[in-house]
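Visitor: I have a new model open and would like to learn how to read its features one by one. Could you walk me through them?

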Amino acid sequence: MEKTGEASPPPPPVPRVAVVVFLLKGRSVLLGRRLSSVGHSTFALPGGHLEFGESFEECAAREVKEETGLVIGKVEFLTVINNVMMLKEQKKCHYVTIFMRAVMDEDSKEVAMNLEPDKCDGWDWYEWEQLPHPLFGPLHNMVNQGFNPFPI
């Protein structure tokens, strides 16, 4: 039983769900350099938090459009990973990350715009065999494990 006037301990942190998109064009993938506190200055896929009631596909399409202005069509599930990462403040954060894939037509003239300049330093296409460094932790781990987002 809690004593009156004593503060309750803070609730334990809870995992968050992120949806990220391997947006492919030919043998290239769209990456942006993060400006947020988690993974600052690393290259990452477009994506963000899953909203209540949203499907993975809806979240993927929404996040790509919000961040880049690009409208993607068919989106498919690739894999899911469980990440517990240490923040600079020596606090852990826990993300369940859903990896999705969308393929743009190689002839598309659409250009990725940086619509969230406070979160990203800009978007560019990178050849899969020549990815920039450093990669954001979860993406880095996927690449090091030999993951290939390209359809066979």
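Guide: Let us take pockets, cores, cysteines and a few backbone details in turn. Keep in mind that this is a predicted model.

Visitor: Shall we begin with the open spaces? What is the volume of the largest pocket, and which residues are closest to its centre?

Guide: The largest pocket holds about 710 Å³ of space. Its lining has 30 residues, and the closest to the centre are Arg-34, Ser-36, Gly-47, Gly-48 and His-49.

Visitor: Which elements supply at least two residues of that lining?

Guide: On the strand side they are S1 (16-25), S2 (28-34), S4 (47-49), S6 (92-103) and S7 (120-127), and two helices join them, H1 (56-68) and H2 (137-144). Strand S6 gives the most, with four residues.

Visitor: How many of the lining residues are nonpolar, polar and charged?

Guide: The lining of the largest pocket divides into 16 nonpolar, seven polar and seven charged residues.

Visitor: And what lines the second largest pocket?

Guide: That pocket has a volume of about 170 Å³. Two stretches of sequence appear in its lining: Pro-13, Val-14, Pro-15 and Arg-16, together with Lys-92, Cys-93, His-94 and Tyr-95. S6 gives the most here too, with four residues. By class, the lining has five nonpolar, one polar and two charged residues.

Visitor: Now the interior. What is the general idea behind a nonpolar core?

Guide: In soluble globular proteins, nonpolar side chains tend to be buried together. In this model, the largest nonpolar core has 17 residues, and Val-21, Leu-23, Leu-70 and Ile-72 have the most contacts inside it. S1, H1, S6 and S7 each supply at least two residues of this core. A second, separate core has 16 residues, including Leu-24, Phe-99, Leu-135 and Phe-150.

Visitor: What does Leu-23 touch, beyond its neighbours in sequence?

Guide: Leaving out residues up to four places away, Leu-23 touches Ser-28, Val-29, Leu-30, Val-64, Leu-70, Ile-72, Ala-102, Met-104 and Trp-125.

Visitor: I have also clicked on Met-100. Is Met-100 buried or exposed?

Guide: Met-100, found in strand S6, counts as buried because its relative accessibility is 0%, and the cut-off for buried is under 20%. With the same exclusion of residues up to four places away, its contacts include Val-19, Val-20, Val-21, Phe-22, Phe-56 and Ala-60. Among the others are Glu-57, Glu-76 and Phe-77. Met-100 and Pro-149 are 49 residues apart in sequence, yet their C-alpha atoms are 8.9 Å apart in space.

Visitor: How many disulfides does the structure hold?

Guide: Zero. For Cys-59, the nearest cysteine sulfur is that of Cys-120, 16 Å away; a disulfide would need the two sulfurs within 2.5 Å. For Cys-93, the nearest is the sulfur of Cys-59, at 17 Å. Both cysteines count as buried, Cys-59 at 0% relative accessibility and Cys-93 at 12%.

Visitor: Last, the backbone. Where is there a cis peptide bond?

Guide: Look between His-133 and Pro-134, where omega is about -5 degrees. Pro-134 lies in the loop between S7 and H2.

Visitor: And which residue has a positive phi although it is not a glycine?

Guide: That is Ser-41, with a phi of about 70 degrees. Ser-41 sits in the loop between S2 and strand S3 (43-44), and it counts as partly exposed because its relative accessibility is 26%.

How values were computed:
Residues are numbered from 1 along each chain as its sequence is written. This is a predicted model: local features need pLDDT of at least 70, side-chain atom pairs count only at pLDDT 80 or more; totals for chains, interfaces and linings use all residues. Side-chain values use heavy atoms; hydrogens and water are left out. On a 1 Å grid over the protein atoms alone, a cavity is a set of points where a 1.4 Å probe fits but cannot get out, and a pocket is an open set with protein on both sides within 12 Å along at least five of seven lines; lining residues have an atom within 4 Å of a point. Grid points are joined across faces, edges and corners, and a volume is the space filled by probe spheres set on the points. Ala, Val, Leu, Ile, Met, Phe, Trp, Tyr, Cys and Pro count as nonpolar, Asp, Glu, Lys and Arg as charged, and the others, Gly among them, as polar. Buried means under 20% relative accessible area, exposed over 50%, partly exposed in between (1.4 Å probe, protein chains only). A nonpolar core is a set of buried Ala, Val, Leu, Ile, Met, Phe, Trp, Tyr and Cys residues joined through side-chain atoms within 4.5 Å. Contact means heavy atoms within 4.5 Å.
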